[in-house]
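Notebook open, coffee poured. I wanted to go through this fold piece by piece and jot down what I looked up.

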Amino acid sequence: MDKILLFIPMYNCEKQIVRVLKQLTDEVCSYITEVIIVNNRSTDHGEAVVQSYLSENPLPMKVSLLRNDDNYGLGGSHKVAFQYAVDHGFDYVIVLHGDDQGDISNILPYLRSKEYAKYDCFLGARFMKGSQLQGYSKFRTFGNHVYNILFSIGCGYRIYDLGSGLNMYKTHILKNKFYLKYKDNLIFNYCMVMGSAFFKHKIKFFPIIWREDDQVSNVKMVSQAVTVLKLLGQFMINRKKFVIAEHRENTIAEYAAQVIYTNR
């Protein structure tokens with residue numbers, strides 16, 4: 001049986017994190033070896049909420065709550081989790097955002113069939129046949145479709161989403177830390193898509209249900225759109241240069257986090 005790590009990034013989602021943890025049904029847990037919740041220096045009471053829920057609703061596998069040493073951003077939290085997966089010998093890492101926009105049950109059919117094992121990157125997609133969007137504006141949907149087309153042209157493979165909250169990666173591809181110099185903010189996933197194109201990772205998208213109700217978006221749409229287009233342009237001009245370049249505003253020597261709670 002594959003050793004699978006579930007990584008839940010958390011930032012100011014005190015209201016949603018319990019709903020995410022409730023997604024971990026008995027069937028889901030039967031496929032998951034360990035869970036880490038990585039708190040990116042939230043300013044709310046998310047940590048207390050997590051600890052209270054886990055103490056009252058024990059899960060069958062090891063579950064740990066980590067706190068980043070600094071506010072690294074969403075991408076930085078990914079780097080913490082990816083290194084954890086490599087260091088602890090996991091075969092795969094599933095990313096499930098802590099704001100309850102995605103649902104891990106959407107990946108269950110592929111865990112049952114083991115279809116994910118054929119791919120390096122098994123990525124949830126909000127904008128493909130079979131997907132469902134709840135509370136997502138037509139304008140943002142249209143914009144995402146346009147960007148998916150542009151990135152498909154630039155990367156040379158069909159892209160249905162540039163970064164949803166439910167993804168699965170084979171740990172083997174993470175060992176060379178190709179992602180380390182990517183941006184630490186929300187644009188990290190865009191960089192991952194381009195990096196996978198360069199390294200010729202085997203990629204599969206699958207449809208997911210995506211909802212927005214009480215979540216707070218940290219996306220600055222206009223500035224992010226411009227930045228992302230610039231990155232795509234750089235990648236298309238010189239792929240190798242893009243991959244080895246430093247894209248972070250602040251260089252961090254080590255993405256470190258401390259375990260502040262564990263059930264084992």
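Before anything else, my element names: helices (H or I, at least four residues) and strands (E, at least two) are DSSP runs, numbered from the N terminus. I am working on a predicted model, where local features need pLDDT of at least 70 and side-chain atom pairs count only at pLDDT 80 or more, while totals for chains, interfaces and linings use all residues. Residues are numbered from 1 along each chain as its sequence is written, and side-chain values use heavy atoms, with hydrogens and water left out.

**Entry 1: the whole chain**

I counted nine helices and 10 strands in the protein chain. The radius of gyration (taken over C-alpha atoms) is set against a globule rule of 2.2 Å times the number of residues to the power 0.38. The chain comes out at 17 Å, close to the 18 Å that the rule gives for 264 residues, so it is as compact as a globular protein of that length. Along the principal axes, the C-alpha atoms fill a box of roughly 55 × 40 × 35 Å.

For burial I use relative accessible area: buried is under 20%, exposed is over 50%, and partly exposed is in between (1.4 Å probe, protein chains only). By that cut-off, 53% of the 264 residues are buried. The chain exposes about 12300 Å², and carbon and sulfur atoms supply 53% of that area. Those areas come from the Shrake-Rupley method with a 1.4 Å probe.

Next I checked contacts, meaning heavy atoms within 4.5 Å. Taking pairs at least 6 apart in sequence, 85% of the contacts join residues at least 24 apart.

Charges: I counted Lys and Arg as positive and Asp and Glu as negative, without His or the chain ends. Each charge is placed at NZ of Lys, CZ of Arg, CG of Asp or CD of Glu. The 32 positive and 25 negative charges have mean positions 9 Å apart.

**Entry 2: the cores**

A nonpolar core here is a set of buried Ala, Val, Leu, Ile, Met, Phe, Trp, Tyr and Cys residues joined through side-chain atoms within 4.5 Å. Which members of the largest core touch the most others? They are F82, F151, C155 and Y169, out of 48 residues. Helix α7 (residues 188-198) gives the most to this core, with seven residues. There is also a second, separate core of 41 residues, which includes C13, C29, L65 and F206.

I followed up on F151. Beyond its neighbours within four places in sequence, F151 is in contact with G156, I159, L162, Y190, M194, V228 and L232. Two of those names, Y190 and M194, turn up again among the buried residues of α7.

**Entry 3: helix α7**

Why call α7 largely enclosed by the rest of the structure? I found 10 of its 11 residues buried, so the description holds. The buried stretch runs F188, N189, Y190, C191, M192, V193, M194, G195, S196 and A197. Just after α7, K200 takes a positive phi of about 55°.

**Entry 4: other positive phi values**

A reminder to myself: most residues other than glycine have a negative phi. R41 goes the other way, with phi near 60°. R41 sits in the loop between β2 (34-39) and α3 (46-56), and it is partly exposed at 37% relative accessibility. K114 also has a positive phi, about 65°. K114 belongs to the loop between α5 (108-113) and β5 (121-125), and at 40% relative accessibility it counts as partly exposed.

**Entry 5: a few single residues**

I looked at two residues in helix α6 (residues 138-155), starting with H145. H145 is partly exposed, with a relative accessible area of 37%. H145 and D120 are 25 residues apart in sequence and 24 Å apart C-alpha to C-alpha.

T141 is in α6 too. Is T141 buried or exposed? At 17% relative accessibility, T141 counts as buried. Not counting residues up to four places away in sequence, T141 touches F127, L133 and Y136.

In helix α3 I picked S52, which is partly exposed at 33%. The C-alpha atoms of S52 and V18 are separated by 9.7 Å, with their positions 34 residues apart along the chain.

Last, D103, in the loop between β4 (92-96) and α5. Leaving aside neighbours within four places in sequence, D103 contacts Q23, L96, L166, I209 and R211.
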